[in-house]
Amino acid sequence: MKKHQWFKQAIIVSMCTTIGLGGLMATEVGTKPVAAASVSSTGQSIITLGKKFLGTPYRFGASNTTTRYFDCSSFTQYIFKKYGVNLPRTSVAQSKVGKAVSKANLRVGDLVFFSSGSRANGHNVTHVAVYAGNGKILHTYGSPGVTISNLNAGNWKKTYLKARRVL
C-alpha cells in the first residue's frame, strides 16, 4: 500500500514538473529566440531590398514617391516602409525615432547618423544610412548614388554621430 502511494505521488510530482517546465519553455525560451530571429530577419530583408537599388542616383530633396533617385532619408524611408516601419521624411527627424544604440552594439537594420557635407557643423545630423553588418552601411550620397560604404573608415568614421534602433 505504501509503495503504491509513493509511486502515485512520484507520478504527480513528475507530471507537475513536466507541465511547469513545458509552460516555461513555451512562454520564455520558446518566444524570445523567435522574436530576435524575426528582428534580425527583417533587418536583413531591408538590406536585401535596399541592395536592389545599388547605383540608383542621388538627388538632394528627392521625392518619396519615386525610386528613380533618392536622397539619404527618402531611401531609408522607402525601404523601411516596405517592411511596415514608417519613418519621418528627414534624416534629422529619423534621428529622433526608435531607441539609441551604441556603435559597438549595432545590428543589421539599425539607422546610423552622420554630420557630413557643407551643412554640417560636427553636431547636426545631415545624413542617414542603414547598418548592413560587418562594419558596412547601405546609403545614398553623391556619386555613385545608392552604395555600400565602410562605417569605420574615412569620412564615415570621422562624421559618425549616433545610431537608432527602429526594428
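**Aromatic pairs, sheet and cores: a short presentation**

The structure holds 8 aromatic pairs. Please keep in mind throughout that this is a predicted model. A pair of aromatic rings is described by the distance of the centres and the angle of the planes, and I shall give both values for two of the pairs.

The pair I take up to begin with is formed by F53 and Y78, with an edge-to-face arrangement, 5.6 Å centre to centre and 90° between the planes. Which parts of the chain does this pair tie together? F53 belongs to the loop between α2 and α3, while Y78 sits in helix α3, so the pair connects parts that are 25 residues apart in sequence. Are these two residues buried or exposed? F53 has 13% relative accessibility and therefore counts as buried, the cut-off being under 20%. Y78, at 22% relative accessibility, counts as partly exposed.

The next pair is F70 with F75, also edge-to-face. Here the rings are 5.2 Å apart centre to centre, with 70° between the planes. F70 counts as buried because its relative accessibility is 1%. For F75 the relative accessibility is 1%, so F75 counts as buried.

Elsewhere, ring pairs join Y58, F114, Y141, W156 and Y160 into a cluster. One member of that cluster, Y160, has K103 over its face, at 4.7 Å from the ring centre. In addition, R59 lies over the face of Y69, at 3.7 Å from the ring centre.

Let me turn to the sheet. In what order do its strands stand? The sheet is open and has 6 strands, in the order β1-β6-β2-β3-β4-β5, with antiparallel pairing. At its edges are β1, residues 99–101, and β5, residues 146–150, each of which pairs on one side only. From one strand to the next, the twist averages 40°. Helix α3 packs on this sheet, where it touches β2, β3, β4 and β5. The direction of α3 makes about 45° with that of β3.

Strand β2 deserves a closer look. On one side, 4 bridges join β2 to β3, and the two run antiparallel. Within that pairing, V112 has A129 as its bridge partner in β3, and F114 has H127. A further 4 bridges join β2 to β6, residues 160–165, again antiparallel. There, F113 stands opposite K162.

Which way do the side chains of β2 point? L111 and F113 point one way, V112 and F114 point the other way, and all are buried. As a general matter, side chains in a regular strand alternate between the two faces of the sheet.

Finally, I come to the nonpolar cores. In soluble globular proteins, nonpolar side chains tend to be buried together. The largest nonpolar core in this model has 20 residues, and those with the most contacts inside it are F75, I79, F80 and L111. Two or more residues of this core come from each of α2, α3, β2 and β3. Which element gives the most? That is α3, with 4 residues.

F75, introduced earlier as a partner of F70, shows what surrounds one residue of this core. Leaving aside neighbours within four places in sequence, F75 is in contact with G50, F53, F70, L138, H139, T140 and V146. A second, separate core has 11 residues, including V101, Y131, L151 and W156. Of these, W156 also belongs to the ring cluster described above.

Technical notes: Residues numbered from 1 in each chain as written. Predicted model: local features only at pLDDT ≥ 70, side-chain atom pairs only at ≥ 80, totals over all residues. Heavy atoms only, no water. Core = buried A, V, L, I, M, F, W, Y, C linked by side-chain atoms within 4.5 Å. Buried < 20%, exposed > 50% of the residue type's maximum accessible area, 1.4 Å probe, protein only. Contact = heavy atoms within 4.5 Å. Pairing = 2+ DSSP bridges. Phe/Tyr/Trp six-rings, centres within 6.5 Å; stacked < 30°, edge-to-face > 60°. Lys NZ or Arg CZ within 6 Å of the ring centre and 35° of its normal. Axes fitted to C-alpha atoms, helices over the stretch in contact; angles between N-to-C directions.
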